[in-house]
Amino acid sequence: MRTARSTLGTATELYDLFRVLYAAAGEVRCPGCGEPGRAWTPEAAAVRLEETHPGARVEVEIPLGRLEWLPPRDWRSRLLARGFARVRLGDDVVDLEDPGLPETAPVDAALVVDRLRVDPDRRGRLVGAIEQAYRLGAGVARIRLATGEELRFGAARRCHRCDRELPEPRPVLFSFNHSLGACPTCTGFGAVLEWDEAKVVPDPARTLREGAVEPWQTPANRWWQDQLLAHAPRLGLDLDTPWAELPAEARRLVWDGAPGFEGIRDFFEYLEGKRYKMHVRVFLARYRSPRTCPACRGARLNAQALSVTVDGRTIAEASRMDLASLGRWVRGLGPAVGPRGQGVLWRIEDRIGTLVRLGLHYLTMDRPTRTLSGGEAQRAALALQLQNHLAGTLYVLDEPTVGLHPRDVDVLAEVLRELAGRGNTVLAVEHDLSLIRRADWAIEMGPGGGREGGRVVFQGPPVDLARAPTPTGRALGRTGSGAESPPLRPPRGFLVVRGCRLHNLKDLEVRFPLGVLTVVTGVSGSGKSTLVAETLYPLLESRGARGPGELELPRAPKVRGVRLVDQSPMGRTPRSVPLTYVGAYKAVRDLFAAQPAARRLGLTPAHFSFNAKAGRCETCAGTGYEQLEMYLFEDLYVPCSECAGRRFRPEVLTVRYRGRSIHDVLRMSVDEALEVFDEPAGLVRALRTLERLGLGYLVLGQPAPTLSGGEAQRLKIAAELLGRRPKDLVYLLDEPTTGLHPEDVGRLLAVLGELVEAGNTVVAVEHNLEFIARADWVIDLGPEGGDEGGRIVDTGPPSEVARRALGPTGRHLSRWLGGTP
């Protein structure tokens, strides 16, 4: 499940076990005063009084307000008929037959059930009195001491200080997907959508007259801008001062409105009434951003659920702990959860242990599943299957080692073998050589990609594959010592980042060499992405003005900019395709427009663009698909009924280049296109670059949203190589070898080497040992993940890091360079 409600805890059912634990062993505290609340049986209440007030004279009372069956008038006779004799009015006990009592029952009066001395020998009488008070007084008994002190006991769990009933813990109380437990403000999402001023006014340098309020600049909403201009003189609004320089009161006036003038909030409230229209919902979503819920502060649960603790922690606090820390805390609970909690405690320990074994120790239970990488999601699902203890099942995994450190790959291999040992069959699509070596059987497809693939080139034990003349066989037979590495490039200087404290980073000072290929390594959760993407990138982008740390740049060489080449999608619509992203589609359009058939029809390059009205199919607007709005489900995309998915008008499709239409070209792979096109030079260069990056199989017209993270990242690298290629840039990459065959890793290194040779710096987060071994510099973080990570273990050239072997990366690199598989 990849919804906003799904978390790692719910997906692995670990959170469900914690809900059972908190229901069984949780201590309930009052949300108002924080005092613990509990339910008292009459026997337990009597024993408690004997322990705290031995020998004291007490009155067992019921406030008259709790006697729901008592009428306001004729109250005395009803009480006398039941055998009661006295009531308490303030400090006085008055006989019910006293004619001075008012006709209407006093709201502050209390019925005296019994008066007695607290004594173990008289416990039966005290228990009977409390039991009678519970029965008549809606489950509450008030005990008054001779000193005037009052104690309250209740059959139901309640806070007697605030006189409020507390819920009895049930597993459903701790579910943020159920109305009983979810925070009423955010309905269990942990965040609320609010109007974002940065989106409503994206350019604060604009004035109100120039259209600072962006949503009012469309033709449909122009009336709102006109009324702002009309009322501004009366309201004292300066129309020619940039929004950023307007006084706070003026900006508030534009937001909240005034008598006779409707502001931004009024505008959005008006549109909220039209949310039944799809385009209005899309429009409103553009100006909202999620904010942490002010009521639950991101905990997702209501106050009652958050008032229950185990060993002083709420279930939300436990959900925010990384799994390694959570496991240590759970193991230390022991007797604290009592006999009711022991039954589920061992299951929690077992499940956390499985997740930690699979290399997910750095994740938290409240981590949304949609933010997990593909490898993390697969390993989480695998953990659940291991706990189910199934047999006779076929498990199919797609590159489960993605994002795993070599040390964690060893553990994953053991887990998969354990799964197979239970009588299951495990089938994995994988490039990692160490996992292939540990398999029982290998099937290699090939020999190439795209049209050159699709055949079985080997099947048999991995030991035989290592001797086979196939791409994977050659990679298995090649050891680290046998791999030819280029000579190291010396650093041209260093940029320094100090005070790195974000997430688990331990106040680091990190020196990044310039003019070389640097690899940031470490086990999963050691802080690599935090250091590179969340610390170094914002600091370089803002030239040190923004970011969690301090930046020191050398005088030479200059650092002119930064590029974050990560695995995020290139685009969110089908209009973005590989050919357009790398800037090669213009050459194709020009080529088709130059054909004789195109000239006869008067077609221009614009007619061969599916983003221009000139030649595209107007039914689907050039996407090739029609969107069917499904109000209760995700929207469906079906082939266009007019063009049958071909994107263009019939006359455009009649134009051919070497027997192929423009639609045929968009359906080609990169390798197929290289066989068809030998001109123009810019197009051929773009195709060659994609082929060198291991993307020869990629379809030129494949919609960007369907590309994997690794494919998207390599396309971004290609775009950089095909651009103007300025010098002195810092390129930041996130696991660029994801999805690559070992033979393609060498090609990628050669391409990145070109960026470095052109005068740039490349910093990559990576686990691949061959990539690390052929880098110029290594920065190794660790030694573990989560709270035990965030430190620098070692830095230097790969050979030095391997020789010192100070951490897991150094030890595995040493084995690789030493030729040990």
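**Exercise 1. Find where helix α13 bends, and check its length.**

Start with the bend itself: α13 bends by about 35 degrees at Val-344. Here a bend is the angle between two axes, one fitted to the seven residues ending at the residue and one to the seven starting there. Before going on, note that this is a predicted model, where local features need pLDDT of at least 70, side-chain atom pairs count only at pLDDT 80 or more, and totals for chains, interfaces and linings use all residues. Residues are numbered from 1 along each chain as its sequence is written, and side-chain values use heavy atoms, with hydrogens and water left out.

Next, the length. Helices (H or I, at least four residues) and strands (E, at least two) are DSSP runs, numbered from the N terminus. The expected span of a helix is 1.5 Å times one less than its number of residues. Helix α13 covers residues 338–357, so its 20 residues should span 28 Å, and the end C-alpha atoms do sit 28 Å apart.

Now look at what is covered. Buried means under 20% relative accessible area, exposed means over 50%, and partly exposed lies in between (1.4 Å probe, protein chains only). Val-344, the bend residue, is buried, and other buried residues of α13 include Leu-345, Ile-348 and Ile-352. Just past the helix, Gly-359 has a positive phi of about 80 degrees.

**Exercise 2. Place strand β24 among its neighbours.**

Step one is the strand itself: β24 spans residues 729–734, and five of its six residues are buried.

Step two is pairing, which takes at least two DSSP bridges between two strands. On one side, β21 (residues 561–565) runs parallel to β24, with five bridges joining them. Strand β25 (residues 761–765) also runs parallel to β24, again through five bridges.

Step three is to pick out Tyr-731. Arg-563 stands opposite Tyr-731 of β24, and Tyr-731 in turn stands opposite Val-762 in β25.

Step four is the connection: β24, helix α28 (residues 742–757) and β25 form a right-handed β-α-β unit. Right-handed means that, with the strands pointing away from you, the path from the first strand over the helix to the second runs clockwise.

**Exercise 3. Hunt for disulfides, then look at Cys-183.**

A disulfide is a pair of cysteine sulfur atoms within 2.5 Å. Searching the whole structure turns up zero of them. Cys-183 is in no disulfide, and its nearest cysteine sulfur, on Cys-293, is 3.8 Å away. Cys-183 is buried, at a relative accessible area of 2%.

**Exercise 4. Track down some salt bridges.**

The rule: a side-chain nitrogen of Lys or Arg within 4 Å of a carboxyl oxygen of Asp or Glu. The count comes to 52 salt bridges.

Take Asp-226 and Arg-222: their side chains meet at 3.6 Å, N to O. Both are in helix α7 (residues 222–235), four residues apart, about one turn. An α-helix has 3.6 residues a turn, so residues three or four places apart point the same way. Asp-226 is partly exposed at 39%, and Arg-222 is partly exposed at 34%.

Now try Asp-256 and Arg-265, whose closest N and O atoms are 2.8 Å apart. Asp-256 is partly exposed at 35% relative accessibility, and Arg-265 is partly exposed at 39%.

Last, Arg-804 bridges to Glu-800 at 3.6 Å. Both lie in helix α30 (residues 798–804), four residues apart. Elsewhere, salt bridges with shared partners tie Glu-59, Glu-61, Arg-88, Asp-91, Arg-142, Arg-144 and Glu-150 into one network.
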